[in-house]
Amino acid sequence: MISDVMPTYARTDIAFERGSGPYLYTAEGDCYLDFGSGIAVNSLGHCHPKLVSVLADQASKIWHCSNLYNIPLQEEVARLLVTNSFADTAFFCNSGAEAVEAGLKIVRKYQSTSGHPERYRVVTFNGSFHGRTLTTISAAANEAHKAGFGPMVDGFDLATFGDLQQTRSVITDKTAAILVEPIQGEGGIRPADGAFLAGLRDLCDEFGILLFFDEVQTGIGRTGYLFAHQAAGTDPDVMALAKGIGGGFPVGACLASERAASGMGPGTHGSTFGGNPLGMSVAKAVLEILLERGFLEHCKNMGALLAEGLNKIVMAYPELLAEVRGSGLMIGLKCLIPAGDLVNACRRQKLLTVPAGDNVVRLLPPLIIDKGHIEEALRMISGACQEINK
Ligand code: PLP
């Protein structure tokens, strides 16, 4: 008999009752160190006092009023985003897939209003992930995600991640944009190098097409920069955000330059819940904390410390682990054994991690972790490796 909850997830048989900082607790009192952050969502850990306070405060003022009216908090969040990025404007929604979808509409509208309605196709990459809607599964190359859901949405052409020459060959006179994750997350923490991103920028400028970064997983401090592409110094025209921006409250955003969004007037796009006061109160607090002096520096330092410790573990267990990759607090451990075995062994040590493609275990701790949490996690990962070796 089918479960009451539609069984679309293979769930681990644990339920958490509460969380505090980087820790999660079950009703039975078991404590886990959470280095998954709900897949890069709980950017400031669980129940951060400032987020709890602004959300509770907002809950007694106004929850929802619709985008038929001005929402001052939305304007404040948009201002924080545009003053700290390439962008001039932000559209708010509720999830990553919706943010990507908004960006896909923006790039088509841009081409259509600038006299090129025939440019509607978007170049995407092998190993990418952009969400689970019909359009976002069509954009990516994961056959398992597509099986049984065809026909796919037309308008995507696949290129090879990291290969500039091959990408150039995929661009046609029907191309509207290139969509890429600066570090592929679900694909297994596969970073695009700076030269690849800069090369994509040049290709876009050469062919009159837009560069669209999916920073749903890499954005909001995850890599030690507010947005991952800022490390490479290459700006996109459009960028999708979600996950960490709401710290656990469902918030998505699609940012764009004025030029890219020039066709997006009233009535062109919408979302009932997008940018509602509850979500915006939390997003504003998340951004304010991230932008405090020293916060992103802390993420970089903690990321370096974690990577250093993990590299030592890789050297100690060369039969289990191949390499450490990623940036800041978005780290992948490439495994030589099934990645799921390491995820399970870590969980037995009371450390939560997340599997990814390419046989990788992802470490995506809350950005507020300190040296002590990293030492604790490293001990647990060593313990897990020892257990596997027994
Ligand atoms: N884009 C990227 C890069 C992601 O990692 C994800 C989710 O993992 C998405 C889009 C989809 O986000 P959501 O699940 O919120 O729709």
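Analyst: Buried means that a residue has under 20% relative accessible area. The model discussed here is predicted.

User: What makes strand β12 (residues 252-256) largely enclosed by the rest of the structure?

Analyst: The cut-off of under 20% relative accessible area is met by 5 of the 5 residues of β12, so the strand is largely enclosed by the rest of the structure. Gly 252, Cys 254 and Ala 256 point one way from β12, Ala 253 and Leu 255 point the other way, and all are buried.

User: How do you know that β12 pairs with strand β4 (residues 89-93), and which residue of β12 is the bridge partner of Phe 91?

Analyst: Pairing requires at least two bridges between two strands. β4 and β12 are joined by 5 bridges and run antiparallel, so by this definition they are paired. The bridge partner of Phe 91 is Cys 254 in β12.

User: How many bridges support the pairing of β12 with strand β11 (residues 238-241)?

Analyst: There are 4 bridges between β11 and β12, in the antiparallel sense, and the requirement is at least two. Here Ala 240 has Cys 254 of β12 as its bridge partner.

User: Why are β13 (321-327) and β16 (354-356) said to stand at the edges of their sheet?

Analyst: The open sheet has 4 strands in the order β13-β14-β17-β16, with antiparallel pairing. β13 and β16 each have a single partner strand, so one side of each is left without a neighbour in the sheet. Neighbouring strands of this sheet are turned by 30° against each other on average, direction ignored.

User: What makes each neighbouring couple in this sheet a pair?

Analyst: The threshold is at least two bridges. β13 and β14 have 6 bridges, β14 and β17 have 4, and β16 and β17 (residues 360-363) have 3; each count therefore satisfies the definition. Examples of facing residues are Ser 327 with Met 330 in β14, Gly 332 with Arg 362 in β17, and Ala 356 with Val 360 in β17. In the hairpin of β13 and β14, 2 residues lie between the strands, and Gly 328 takes a positive phi near 55°.

User: What surrounds this sheet, and how many of the 6 residues of β14 are buried?

Analyst: Buried residues number 5 of the 6 in β14, so this strand is largely enclosed by the rest of the structure. Helix α12 (residues 339-348) lies across β13, β14, β16 and β17, at about 40° to β17. The buried residues of helix α11 pack against β13, β14 and β17, as well as α10 (277-290) and α13 (371-389). These buried residues include Phe 295, Met 302, Leu 306 and Ile 313.

User: How does the span of α11 (residues 295-316) compare with the expected value?

Analyst: The 22 residues of α11 reach 32 Å from the first C-alpha to the last, close to the 32 Å expected at 1.5 Å a residue.

User: What qualifies a contact between the ligand and the side chain of Asp 214, Lys 243 or Glu 186 as polar?

Analyst: The pair must consist of N or O atoms within 3.5 Å. A side-chain N or O atom of Asp 214 is 2.6 Å from a ligand nitrogen, and one of Lys 243 is 3.1 Å from a ligand oxygen. A polar side-chain atom of Glu 186 lies 3.4 Å from an oxygen atom of the ligand. Each distance therefore falls within the limit, and the three contacts are polar. The residues surrounding the ligand also include Ser 95, Phe 129, His 130 and Gln 217.

How values were computed: Residues numbered from 1 in each chain as written. Predicted model: local features only at pLDDT ≥ 70, side-chain atom pairs only at ≥ 80, totals over all residues. Heavy atoms only, no water. Axes fitted to C-alpha atoms, helices over the stretch in contact; angles between N-to-C directions. Contact = heavy atoms within 4.5 Å. Expected span 1.5 Å × (residues − 1). Buried < 20%, exposed > 50% of the residue type's maximum accessible area, 1.4 Å probe, protein only. Near = heavy atom within 4 Å. Polar contact = N/O pair within 3.5 Å; in protein donor to acceptor, adjacent residues only side chain to side chain.
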